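Me: I'm new to this structure and would like a close look at the buried and open places in it. Could you start from one spot and walk me onward from there?

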Amino acid sequence: MSDGQNFNIAAYLPRMAAQQPDTPAVHFPLPGHGPDKPYLTISYQELNQRSDQIALGLERMGIKEGVRTALMVKPCPDFFALTFALFKVGAVPVLIDPGMGVKNLKTCLGEAQPQAFIGIPQAHIARLILGWGKESIKTLLTVGKRWFWGGQTLTDLLAREDSSQSYAMATSQADSIAAILFTSGSTGVPKGAVYTHGNFLAQVEALKDVYDIRPGEIDLPTFPLFALFAPALGMTSVIPEMDFTRPGQVDPEKIIAAIQRFNATTMFGSPALIRRVGAYGQGQSVKLPSLKRVISAGAPVPANVLESFSSMLGDDVQIFTPYGATESLPVCSVGSHTILSETRFLTDQGQGVCIGHPVASIELKIIKISDDPIPTWSDDLEIKDGQIGEIVVRGPQVTHSYFNRDHSTELAKITDNQGSFYHRMGDVGYRDNQGRIWFCGRKAHRVDTPGERLFTIPCEALFNTHKDIFRTALVGVQKDGATLPVVCVELRPQSVKIDRNKLMGELHALAQSNPLTQTITTFLVHKSFPVDIRHNAKIFREKLAIWAQEQLS
């Protein structure tokens, strides 16, 4: 919904501040322990005023409409205020996950060419030592103590601006660039998806409609970018006490304590976090009656993880597993009731992971698999229901391009004859006879042998049913001039000392039990799979393929 003719995503904040000025926008944990742990609470009115105050200061510094601004600030009250201030002035925040690694960070900042840099002291030190954005960055703002580098501090900026003065927000069109969000780079180099204000508005409306989210609800987001949706949806954000770059190592007690203290109604978590909190909660017989919904994304969520977390929820409450990507979210959604009562059994048989029906605003098609650019759409690209192909989508939440990556844009977009385009998700799957979509893995991870084409998710699911296996990964290894399918195996912690010969025999028997996997004869046990830092769930199969090649050489 636009504010009059202004499509600026930041318009939600003053609107909510007018409608519910005293409602808390953010609860932020302060140092301390125990049930009476202190929190800083900021109301909608206070957050709107603070972002106005920052916007005035940013404009005075030269950070205004169109200025690309790298934002490297940990989740905190000022993360919200700064982000909305950047939107208000019409600047373009460049949001990069700090967990993606030093080399990728430098590449991303080199491509985004930010003219301004807002960061905590550690980010500024890294920027100087590692040469991030040294060709383009001219304006500096430090959130915290500024040392030997130039620029201003946020404290100084706020001291100079009148906290009671409102800011006249920049007018944005639906196709105005709002932000650059970098992908995780789980298959290849991270790419900067160009978000328009229209993309953000469509995302907010889709999330509100699909999950029936209403103003006044309490949200516990364990992924920083999802926290930004809460003010637009009129929710209160409870920032959990955790290291956001390591969701798989979260302290379950702290997450559960925050949910119980503030009666959170919504929670977002990566599969790794859901697994850890669910296992603890089930073991301790914890109940979380305030939650109306849980949302988990980033990778498929195993059924046993959904089961353990569901033990803490009311019978009518679901864990939703939306499908999408940085370039387009949400695309599809399915709930734990459907998964646990029906589709999990088909997944275990090698039929892929059900990701549900496309959301109302998305048009989804399955096309022939190709690694080449497809410049223009043709109806003969589509394949029949039940056949595995490449997933492509069209809709208002789908981003149009990558920043400074024309070749990547060319590979990912298909222009249609309606002046629009389809985005190639980079995933493969199929549509069943009920119109539901089934995910079968990344297109780049398929294994083509001399006799057949194997897809990761269907094949791995068969082996994941083994009681001693935590997860598996199908990779292709070169042997005698041909591709050999190899399954890498990560054992459950309690199973690391089992009889490996016995395990191999059982895996061979599993492989022979299904036509999908009968050609797989090689299994390698790996100590701990490399996974992405953002969600701790996406397996880096490219790295495993190199390891497997070394093991078999």
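**From a loop to the interior**

Reply: Let's begin with Lys384, which sits in the loop between β18 and β19 (389–394). Please keep in mind that the model is a predicted one. With a relative accessibility of 64%, Lys384 counts as exposed, because the cut-off for that class is over 50%. To get a feeling for distance, compare its place with that of Thr265: the two residues are 119 apart in sequence, and their C-alpha atoms are 40 Å apart in space.

Now step back into strand β18 (residues 363–367), where you will find Lys365. Is this lysine buried or exposed? Lys365 counts as buried, because its relative accessibility is 16% and the limit for buried is under 20%. What does its side chain meet there? One polar contact, of 3.5 Å, links it to the side chain of Glu363. Another polar contact, also given as 3.5 Å, links the side chain of Lys365 to that of Glu382. If neighbours within four places in sequence are left aside, Lys365 is in contact with Trp377, Glu382, Glu390, Ile391, Val392, Tyr422 and Arg431. So Glu382 turns up in both descriptions, as a polar partner and as a contact from farther along the sequence.

That brings us to the nonpolar interior. In soluble globular proteins, nonpolar side chains tend to be buried together. In this model the largest nonpolar core has 120 residues, and Ile118 and Phe309 have the most contacts inside it. Helix α3 (residues 77–89) makes the greatest contribution to this core, nine residues. Apart from that core lies another, with 18 residues, including Ile355, Ile391, Ile437 and Phe439. You have met Ile391 already, as one of the contacts of Lys365. For a look at the larger interior, follow Phe309: beyond its neighbours within four places in sequence, Phe309 touches Met267, Ile274, Val277, Gly278, Leu291, Val294 and Ile319.

For a covered helix, turn to α15 (residues 456–464), where eight of the nine residues are buried. Those eight are Thr456, Ile457, Pro458, Cys459, Glu460, Ala461, Leu462 and Phe463.

Next come the empty spaces. How many cavities of 30 Å³ or more are there? The count is two, and the largest has a volume of about 100 Å³. Its lining is formed by Leu207, Ile213, Asp219, Pro221, Phe226, Phe229, Ala230, Leu233, Met235, Thr266, Phe268 and Ile295. Two or more of these lining residues come from each of β10 (218–221), α9 (229–233) and β12 (266–269), with α9 giving the most, three residues. By class, the lining of this cavity has ten nonpolar residues, one polar residue and one charged residue.

An open space is worth a visit too: the second largest pocket, with a volume of about 830 Å³. It is lined by 33 residues, and Val73, Lys74, Pro75, Pro98 and Thr245 are the ones that lie nearest its centre. At least two lining residues are supplied by each of β1 (24–29), β3 (68–72), α5 (121–130) and α8 (224–227). The largest share, three residues, is from α5. The lining of this pocket divides into 25 nonpolar, two polar and six charged residues.

Finally, here are some places to check in the backbone. Most residues other than glycine have a negative phi, and most peptide bonds are trans. Gln113, which is not a glycine, has a positive phi of about 50°; you will find Gln113 in the loop between α4 (102–112) and β5 (116–119). Its relative accessibility of 38% makes Gln113 partly exposed. Asp480 also has a positive phi, near 55°, and its place is the loop between β25 (469–479) and β26 (482–491). Asp480 is exposed, with a relative accessible area of 78%. Last on the tour is Pro330, which lies in strand β16 (residues 328–333). The peptide bond that joins Leu329 and Pro330 is cis, with omega at about -10°.

Technical notes: Residues are numbered from 1 along each chain as its sequence is written. This is a predicted model: local features need pLDDT of at least 70, side-chain atom pairs count only at pLDDT 80 or more; totals for chains, interfaces and linings use all residues. Side-chain values use heavy atoms; hydrogens and water are left out. A nonpolar core is a set of buried Ala, Val, Leu, Ile, Met, Phe, Trp, Tyr and Cys residues joined through side-chain atoms within 4.5 Å. Buried means under 20% relative accessible area, exposed over 50%, partly exposed in between (1.4 Å probe, protein chains only). Helices (H or I, at least four residues) and strands (E, at least two) are DSSP runs, numbered from the N terminus. Contact means heavy atoms within 4.5 Å. A polar contact is a pair of N or O atoms within 3.5 Å; within protein, one must be able to donate a hydrogen and the other to accept it, and residues adjacent in sequence count only if both atoms are side-chain atoms. On a 1 Å grid over the protein atoms alone, a cavity is a set of points where a 1.4 Å probe fits but cannot get out, and a pocket is an open set with protein on both sides within 12 Å along at least five of seven lines; lining residues have an atom within 4 Å of a point. Grid points are joined across faces, edges and corners, and a volume is the space filled by probe spheres set on the points. Ala, Val, Leu, Ile, Met, Phe, Trp, Tyr, Cys and Pro count as nonpolar, Asp, Glu, Lys and Arg as charged, and the others, Gly among them, as polar.
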